[in-house]
Amino acid sequence: MGLFQKIKGMFQKPDSTEETNKNVVETQKTEDINEKVEEKKVEQEVKIYEKGLSKTRNSFVSRLSNLTNKYHKITEEYFEELEETLIMADIGVNTVMDFMDRLRDRVRKEHLESPEELKEIIVDELFIIYVDDSVLSTKLNYNENGPTVMLFVGVNGVGKTTTIAKLAHRLKEEGKKVLLIAGDTFRAGATKQLEEWSQKIGVGFYGKQEGVDPSSVIYDGLELSKKENYDIILIDTAGRLQNKSNLMQELEKINRVIASFIEGAPQETLLVIDATTGQNGISQAKSFKEITNVTGIVLTKLDGTAKGGIVLAIKEEVGIPVKFIGLGERKEDFQVFDIEKYIYGLFKDMM
């Protein structure tokens with residue numbers, strides 16, 4: 001059984017279910033109930049992935065299926081069209097080249113002749129490329145000895161403020177006391193927008209007027225966080241990537257201010273990227289990686305693109321884990337990234 005079939009088995013229910021014996025239900029332990037609650041939660045999350053990835057699935061997977069129907073034998077022409085299909089899904093040229101080498105190697109070693117035989121192998125190899133024998137952690141890093149600071153970076157218009165709000169809501173639901181600090185003092189309306197979000201979701205907020213030094217806002221905000229015993233501090237920053245050296249100096253100053261207050265902080269520096277920007281998003285990731293220590297990526301608007309392969313390209317080309325993805329407008333559409341749910345959501349209709 002291939003990797004994809006195992007993933008499919010994790011998330012697909014059997015066609016028919018037998019009625020549970022009443023005696024078993026009556027004696028069911030709390031652990032079993034908790035397990036069912038967890039199963040229900042996973043089921044709901046899988047549905048969110050399925051729905052959010054539908055544009056990519058309908059475009060990308062239909063192209064792969066058409067390719068399989070078009071060719072009865074694996075030929076060089078087949079490989080060329082497959083390569084083009086993968087690149088068009090924004091999987092990234094380098095990733096695709098690596099993938100095609102691996103695929104050709106398997107075809108040769110396993111003496112495969114039909115494209116039909118390759119369908120599951122294609123999915124398995126894409127999964128393997130992402131995992132790449134590394135331990136991937138989508139978990140957030142928390143400060144065990146005090147408040148946790150998370151810094152958000154990214155260009156304007158990628159959904160940074162909304163992302164901060166959705167994560168704040170998620171953390172609040174987990175019982176954390178959350179403070180938002182408006183460190184983007186350059187974009188008109190940025191402070192007001194973050195303040196409005198804080199009021200909507202019921203978390204703390206600190207900001208000043210537009211145009212002031214961001215580091216001074218963050219300094220005063222961190223002082224407030226200590227006085228009022230906040231658990232998590234989420235900090236917005238300006239996204240003026242057009243002047244890389246200025247942005248680097250600004251982020252260095254912000255990081256020094258944060259570290260002077262809380263040892264080891266920021267625990268996370270999350271780069272927010274708009275998935276609909278495709279390869280431009282990869283370029284942004286590379287630029288921000290040069291500027292500051294990015295610990296994770298938040299990929300927004302993944303439901304709005306037919307090129308959801310960008311997830312694979314980011315990992316391969318930038319080497320930074322995707323920690324969260326945005327699969328819609330609702331707060332529950334903001335999901336912790338799970339490679340298995342992603343692969344299933346992308347390829348579930350293929351076999």
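Two strands count as paired if DSSP finds at least two bridges between them. Keep that cut-off handy for the first exercise, and remember that this is a predicted model.

**Exercise 1. Work out which strands pair with S1, and in what sense.**

Step 1: Look at S5 (residues 268-274). Four bridges join this strand to S1, and the two run parallel. The cut-off is at least two bridges, so S1 and S5 pair. For a register check, Met 150 sits opposite Glu 268 of S5.

Step 2: Now try S4 (residues 232-236). S1 and S4 are parallel too, with five bridges between them. Here Phe 152 has Asp 236 as its bridge partner.

Step 3: Check how covered S1 (residues 148-153) is. Six of its six residues are buried. Thr 148, Met 150 and Phe 152 point one way, while Val 149, Leu 151 and Val 153 point the other way.

**Exercise 2. Find which residues touch the most other members of the largest nonpolar core, then follow Leu 82.**

Step 1: The core holds 104 residues, and Leu 82, Leu 167, Leu 234, Leu 299, Tyr 342 and Phe 347 touch the most other members. Helix H7 (residues 115-131) gives this core its largest share, eight residues.

Step 2: Pick Leu 82 and skip its neighbours within four places in sequence. What's left in contact with Leu 82 is Leu 64, Leu 67, Phe 99, Met 100, Leu 103 and Ile 122.

Step 3: For some background, nonpolar side chains tend to be buried together in soluble globular proteins.

**Exercise 3. Compare two salt bridges, Asp 105 with Arg 108 and Arg 57 with Asp 349, by where their partners sit.**

Step 1: Start with Asp 105 and Arg 108, whose side chains meet at 2.5 Å, N to O. They are three residues apart in helix H6 (residues 93-109), so about one helical turn separates them. An α-helix has 3.6 residues a turn, so residues three or four places apart point the same way. As for exposure, Asp 105 is partly exposed at 24%, and Arg 108 is exposed at 55%.

Step 2: Turn to Arg 57 and Asp 349, with closest N and O atoms 3.1 Å apart. This pair links distant parts of the chain, 292 residues apart: Arg 57 is in helix H4 (residues 54-70) and Asp 349 is in the segment after helix H14 (339-347). Arg 57 is buried at 8% relative accessibility, whereas Asp 349 is partly exposed at 47%.

Step 3: Widen the view. Arg 57 and Asp 349 belong to a salt-bridge network with Glu 50 and Lys 348. The whole structure has 24 salt bridges.

Technical notes
Residues numbered from 1 in each chain as written. Predicted model: local features only at pLDDT ≥ 70, side-chain atom pairs only at ≥ 80, totals over all residues. Heavy atoms only, no water. Core = buried A, V, L, I, M, F, W, Y, C linked by side-chain atoms within 4.5 Å. Buried < 20%, exposed > 50% of the residue type's maximum accessible area, 1.4 Å probe, protein only. Contact = heavy atoms within 4.5 Å. Salt bridge = Lys/Arg side-chain N within 4 Å of Asp/Glu carboxyl O.
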